[in-house]
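User: Could you take a close look at the ligand site for me? I'd like to hear what surrounds the ligand and what kind of space it occupies.

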Amino acid sequence: MAKDIKRIAVFTSGGDAPGMNAAIRAVVRTAAYNDLHVYGIKRGYDGMVAGDLTRLEVRDVGNIIHRGGTFLKTARSEEFRTPEGRKTAYEALQAFDIDACIAIGGDGTFTGANVFSQEYDIPFIGIPGTIDNDLYGTDLTIGFDTAVNTAVDAVDKIRDTADSHNRLFFVEVMGRNSGFIALNTGISIGAGSVLIPESEEPLERLIDILRKGAKRKKLFSVIIVAEGNKLGGAQSIADLVNEEFDFYDTKVTIIGHLQRGGSPTAIDRVLSSRLGFGAVEALLHGQKNVMVGIVNDTIRYTPFSEAISAEKLPNEDLIRMAEILAI
Ligand code: F6P
């Protein structure tokens with residue numbers, strides 16, 4: 001055990017994700033079990049700069065494992081991007097005698113932690129929390145499974161009405177730069193096609209799929225579009241498709257922030273608990289400036305620099321399978 005670690009701080013940052021509360025609970029309880037004092041930082045890096053830290057005891061994290069959002073709140077901090085902001089944050093951590101931090105968030109969170117760790121000697125451990133699942137070094141990120149289930153539930157309802165009216169629906173799911181939510185949702189609902197940011201598929205390909213579907217008398221269809229898809233969002237694609245066909249009755253649904261909330265699935269609760277537990281154990285074993293992830297059911301540590309720079313791409317086999325099963 002690294003002897004000098006007695007007090008740690010935990011915070012959530014960037015977009016919230018269902019399961020973040022379960023991860024905070026696991027951090028607080030694993031730390032308490034190992035006689036560490038834990039402080040919760042409110043509103044991510046903004047709260048760190050403002051010195052908004054509160055002591056968290058074991059009972060403070062009771063009855064939160066099933067709750068979406070993050071009770072510590074979150075923010076995308078502009079101040080922490082500046083050297084002055086980070087200096088103020090460091091001074092605040094020192095004022096509370098914080099020896100190490102656990103950051104729960106996505107690539108923006110770890111980019112901040114990476115820069116901070118080069119300037120100041122406070123070890124950080126990252127826990128991947130983002131519905132996008134776009135972090136290298138872990139098979140799953142906190143919130144992804146819940147977000148996909150939310151999207152699937154929504155699209156199942158849309159299918160009913162799409163079927164009743166013989167309509168072509170374009171459903172937009174989240175994923176600014178990544179297509180994991182779109183691909184998994186698309187496979188789960190039997191989408192006619194899935195459009196993701198990682199793929200350079202031209203519009204003609206979608207037109208071709210729709211034309212063939214029409215020939216086969218495919219009466220209704222749901223196309224899943226990731227928000228960051230290169231051809232545009234669901235509305236833009238629907239407009240382009242409408243220019244090609246005069247017989248499709250098209251509709252657009254943007255699921256939006258529904259995907260960010262709700263009670264975490266059992267998969268997310270277990271994942272969050274394992275990552276929170278693993279993050280404290282990592283600190284106790286002297287790890288620093290790494291993201292804790294799970295790859296092939298085994299805990300793995302990835303340096304922040306690698307977690308934020310290496311690209312995690314959707315599985316090519318899944319993309320191919322989704323296409324074949326959509327015929
Ligand atoms: O990174 C998670 C995410 O939900 C993305 O999928 C989405 O593009 C973005 O956050 C939305 O961010 P905000 O809630 O700040 O608008």
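**The ligand and its pocket**

Analyst: Let's start with a contact: the side chain of His257 puts an N or O atom 2.8 Å from an oxygen atom of the ligand. Keep in mind that this is a predicted model. Asp132 makes a similar approach, with an N or O atom of its side chain 2.7 Å from a ligand oxygen. Then there's Arg260, where a polar side-chain atom lies 2.9 Å from an oxygen atom of the ligand. On its own the ligand has 400 Å² of accessible area, and the protein covers 76% of that.

Now for the rest of the shell. Besides Asp132, His257 and Arg260, the residues around the ligand are Arg76, Thr130, Ile131, Met174, Gly175, Arg176 and Glu227. Sorted by class, that shell comes out as 5 charged, 3 polar and 2 nonpolar residues.

What space does the ligand take? It's the largest pocket, and the volume there is about 670 Å³. A total of 31 residues line this pocket, and the ones closest to its centre are Gly14, Arg76, Asp107, Gly108 and Arg176. Arg76 and Arg176 also belong to the residues around the ligand. As for who supplies the wall, helix H4 (residues 107–119) gives the largest share of the lining, 6 residues. By class, the lining has 15 polar, 10 charged and 6 nonpolar residues.

For context, it helps to put the second largest pocket alongside. That one holds about 510 Å³ of space. Its lining runs to 29 residues, with Gly192, Ser193, Arg205, Ile209 and Glu323 nearest the centre. Several elements each supply at least two lining residues here: helix H6 (180–189), strand E7 (193–195), helix H7 (203–215) and helix H11 (316–325). H7 contributes the largest share, 7 residues. The class breakdown for this second lining is 16 nonpolar, 7 polar and 6 charged residues.

So if you're setting up a view of the ligand, the contacts to pick out are those from Asp132, His257 and Arg260, drawn inside the largest pocket.

Conventions. Residues numbered from 1 in each chain as written. Predicted model: local features only at pLDDT ≥ 70, side-chain atom pairs only at ≥ 80, totals over all residues. Heavy atoms only, no water. Near = heavy atom within 4 Å. Polar contact = N/O pair within 3.5 Å; in protein donor to acceptor, adjacent residues only side chain to side chain. Areas by Shrake-Rupley, 256 points an atom, 1.4 Å probe, with all protein chains shown as cover. 1 Å grid on protein atoms, 1.4 Å probe; cavity = no way out; pocket = protein on both sides within 12 Å on 5 of 7 lines; lining within 4 Å. Sits in = over half its atoms within 2 Å of the grid points. Nonpolar A, V, L, I, M, F, W, Y, C, P; charged D, E, K, R; others polar. Points joined across faces, edges and corners; volume = space filled by probe spheres on them. Helix = DSSP H or I, 4+ residues; strand = E, 2+ residues; numbered from the N terminus.
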